[in-house]
Amino acid sequence: MAGPIHEATDKLSKLEATVASRAQAPLKKIERLEQTRDRRIKKIQEQYAAKIAEIQQEMEAGTETLTPQEREQESSLLREYAEAIVTFSRSASASELAPLLGVSAREAKTLIIQAQADLGVADAAESAASSSEDKQDDKQTVPAAS
C-alpha cells in the first residue's frame, strides 16, 4: 500500500531536482563566464605590464637612437648652425651673439671658437678673440679733452 506513495515521492523528488538543476544552470554558466573573463583580464594585464616595464627600461637606459636618416639630418643641421654662428661672428661680436643664443658673452665666444673649429676655419681662436677685443675697444669711450 505505501508503494505508490513512495513512487510518487521519488518522482516528485526527481522532478524537483531537475527543476533546481535547470535553475542552477544559468548561475553556473554565469560563474564559468566570469572565471573565463577574469583569467583573460589577468592575462591581458600581465601582457601590458610586461610591455610597460620594457618601455620603462628603455626610457631609463636612455636608448634614444636616431635612424640613419635622422643622424644625417642632425649632422646637416649642426653644420648649418655652426655656419650661421661663424657668419654672424664675422660682422658682430660675441657679446652681440650672446643674447640671440641666450648665453653669456663668454659662452658665446666659446661657441664661436667651437663652430669655427668644427668647420675648419683657419685661425679660429685668434679671429674670435681679436674680433671680440676690437668690438669691446670700440665701445669704450675716451673722455674728451677740454
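This briefing walks through the helices, side-chain pairs and surface residues of the structure above.

The model is predicted, so local features need pLDDT of at least 70 and side-chain atom pairs count only at pLDDT 80 or more, while totals for chains, interfaces and linings use all residues. Residues are numbered from 1 along each chain as its sequence is written, and side-chain values use heavy atoms, with hydrogens and water left out. The chain has 5 helices and 0 strands; helices (H or I, at least four residues) and strands (E, at least two) are DSSP runs, numbered from the N terminus. Read from the N terminus, the order of elements is α-α-α-α-α.

**The chain as a whole**

- Of the 146 residues in the chain, 12% are buried; here buried means under 20% relative accessible area, exposed means over 50%, and partly exposed lies in between (1.4 Å probe, protein chains only).
- Taking contacts between residues at least 6 apart in sequence, 38% join residues at least 24 apart, where a contact means heavy atoms within 4.5 Å.

**Helix α2**

- Helix α2 covers residues 68-91.
- Its 24 residues reach 36 Å from the first C-alpha to the last, close to the 34 Å expected at 1.5 Å a residue; the expected span is 1.5 Å times one less than the number of residues.
- Ala82, Ile85, Val86 and Ser89 are the buried residues of α2.
- Arginine 90 also belongs to α2, and this arginine counts as exposed at 61% relative accessibility.
- Between the C-alpha atoms of arginine 90 and isoleucine 112 there are 9.8 Å, although the two residues are 22 apart along the chain.

**Helix α3**

- Helix α3 takes in residues 94-101, and serine 95 has its place there.
- The buried residues in α3 include Ala94, Leu97 and Ala98.
- These three cover an arc of only 115° around the axis, which puts them on the same side of α3; the arc is that of the directions from the helix axis to the C-beta atoms.
- As background, an α-helix has 3.6 residues a turn, so residues three or four places apart point the same way.
- Helices α2 and α4 are among what covers the buried residues of α3.
- On the face turned away from the buried side, α3 carries the exposed residues Pro99 and Leu100.
- Serine 95 is partly exposed, at 27% relative accessibility.
- From serine 95 to glutamate 107 the C-alpha distance is 9.4 Å, with their positions 12 residues apart in sequence.
- Glycine 102, just after α3, takes a positive phi of about 75°.

**Helix α4**

- The 15 residues of α4 (residues 105-119) should span 21 Å at 1.5 Å a residue, and the end C-alpha atoms are indeed 21 Å apart.
- Buried in α4 are Ala108, Ile112, Ala115 and Gln116.
- Viewed down the axis of α4, these buried residues fall within an arc of 95°, so they line one face of the helix.
- Exposed residues Arg106 and Asp118 sit on the face of α4 turned away from its buried side.
- Just after α4 comes glycine 120, with a positive phi of about 75°.

**Charged side chains**

- The whole structure holds 2 salt bridges, a salt bridge being a side-chain nitrogen of Lys or Arg within 4 Å of a carboxyl oxygen of Asp or Glu.
- One of them joins the side chains of arginine 37 and aspartate 38, at 3.1 Å from N to O.
- Both ends of that bridge are partly exposed: arginine 37 has a relative accessible area of 45%, and aspartate 38 is at 40%.
- Another salt bridge links glutamate 83 with arginine 79, and the closest N and O atoms are 3.5 Å apart.
- Glutamate 83 and arginine 79 are 4 residues apart in α2, which means about one helical turn separates them.
- Glutamate 83 is partly exposed at 35% relative accessibility, as is arginine 79 at 44%.

**Rings**

- Lysine 51 places its charged end over the ring of tyrosine 48, 5.1 Å from the ring centre; a charge sits over a ring if NZ of Lys or CZ of Arg is within 6 Å of the ring centre and within 35 degrees of the ring normal.
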